[in-house]
Amino acid sequence: MGGLRFGYHVKVKERPVSAVENGVAAGCEAIQMFPGNPKHWGTPQVTDEDADEFLAAKDDAGIDPVILHSIYLVNMAAPSDPIFNRSVASLASTLGKADRLGAFAVVTHLGNHRGEGDEFGVNRIARAVTSTLESAPGEAMLLLETTAGAGTSVGHSFEQFGAVFEIAGAPDRLGFCLDTCHVFAAGYDISIPAGFDAALEELDRFIGLERLMLVHMNDSKGECGSHLDRHEHIGRGKIGLGAFRYMVNHPSLEELAAIIELPHEGPDSPDDIGLLRSLVED
Ligand SMILES: [Zn+2]
Ligand SMILES: [Zn+2]
């Protein structure tokens, strides 16, 4: 039996292998991590020794997949050329790092058009995707993630992703990440089964379900349509436990990894993974 593989976004301290250690301690089967300091440009390089150590530890622990999350500064829709170019360079070097660490993919938010409009943003992002994949000709996938739709952020409707995929020519190494908190905040009412099914149908129409390669499984502090990007522990937010039970048993999510993006710090922290696993029906 396949089923979802659960994990957390974990911290990295000094050597990359610390991410695997933190993941194991939190009960992860999959992990997500930053490639470096998420608030600073520049991707720290991986030495051969660091890479070997990481690969051995991840295989020993059975952690699969490993996902890298782009740094906060990346803005593929940036009207400013320097920011746009730095964003492409950052994504490309993160893809390179992903290959070194045997990671499956780099996941990234699209960015903000800063008042230039959605059409401008979509075209700019498609160009960024093309340049990024050209400058990092490895194996790791680039996954574009849904956003809650605050301010001028692009990526709050599946239609916008569909446009990006189409303009970029739907390259093989481009995939999609569904964040449950973000789509709910963006206005898709996935707290009820019919709403989740409708969202998947729309996803399939504009992007294609085969492009869905990762789920960020977060509950939401904000209401549906609030545009608030505020994650909550599973079952404690406005999406609710019943909805997560429906999602973890949904055939469309089978074989995917589900990453929880909340700190898991020690035994006092809620066991989101254990809770999600308990919802899975054989
Ligand atoms: Zn996310
Ligand atoms: Zn978020």
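This is a short dialogue on reading a metal site and a helix pair in a predicted model.

Reader: Happy to start with the metal. Which residues coordinate the zinc ion (ligand 2)?

Author: His 182 and His 231 each give an NE2 atom, and Asp 229 appears twice through its OD atoms, at 2.0 to 2.8 Å. Along the sequence, these donor residues follow the spacing H-x46-D-x1-H.

Reader: How should I read the geometry, and why is the arrangement irregular?

Author: Start with the general idea: four tetrahedral donors would ideally give angles of 109.5 degrees. To count as tetrahedral, all angles must lie between 85 and 135 degrees. Here the four donor atoms around the zinc ion (ligand 2) subtend 50 to 141°, so the arrangement is irregular.

Reader: How far apart are the zinc ion (ligand 2) and the zinc ion (ligand 1)?

Author: The two ions are 4.5 Å apart.

Reader: Are the donors buried or exposed? Take His 231.

Author: A residue is buried under 20% relative accessible area. His 231 has 17%, so His 231 counts as buried. Asp 229, at 43%, is partly exposed.

Reader: Now the helices. How do I describe a packed pair?

Author: Two packed helices are described by the angle and the distance between their axes. For H8 (residues 241–248) and H9 (residues 272–279), the axes come within 8 Å and cross at roughly 65°. The crossing of H8 past H9 is right-handed.

Reader: Which residues make the contact?

Author: H8 brings Leu 241, Phe 244, Arg 245 and Val 248, while H9 brings Leu 275, Leu 276 and Leu 279. By type, six of the residues in this contact of H8 with H9 are nonpolar, none is polar and one is charged.

Terms used: Residues numbered from 1 in each chain as written. Chains lettered and ligands numbered in written order. Predicted model: local features only at pLDDT ≥ 70, side-chain atom pairs only at ≥ 80, totals over all residues. Heavy atoms only, no water. Donors = N, O, S within 2.8 Å, 3.2 Å for Na, K, Ca; no water. Tetrahedral: all angles 85-135°; square planar, octahedral: opposite > 155°, others 65-115°. Buried < 20%, exposed > 50% of the residue type's maximum accessible area, 1.4 Å probe, protein only. Axes fitted to C-alpha atoms, helices over the stretch in contact; angles between N-to-C directions. Helix = DSSP H or I, 4+ residues; strand = E, 2+ residues; numbered from the N terminus. Left-handed = near helix turned anticlockwise from the far one by under 90°. Contact = heavy atoms within 4.5 Å. Nonpolar A, V, L, I, M, F, W, Y, C, P; charged D, E, K, R; others polar.
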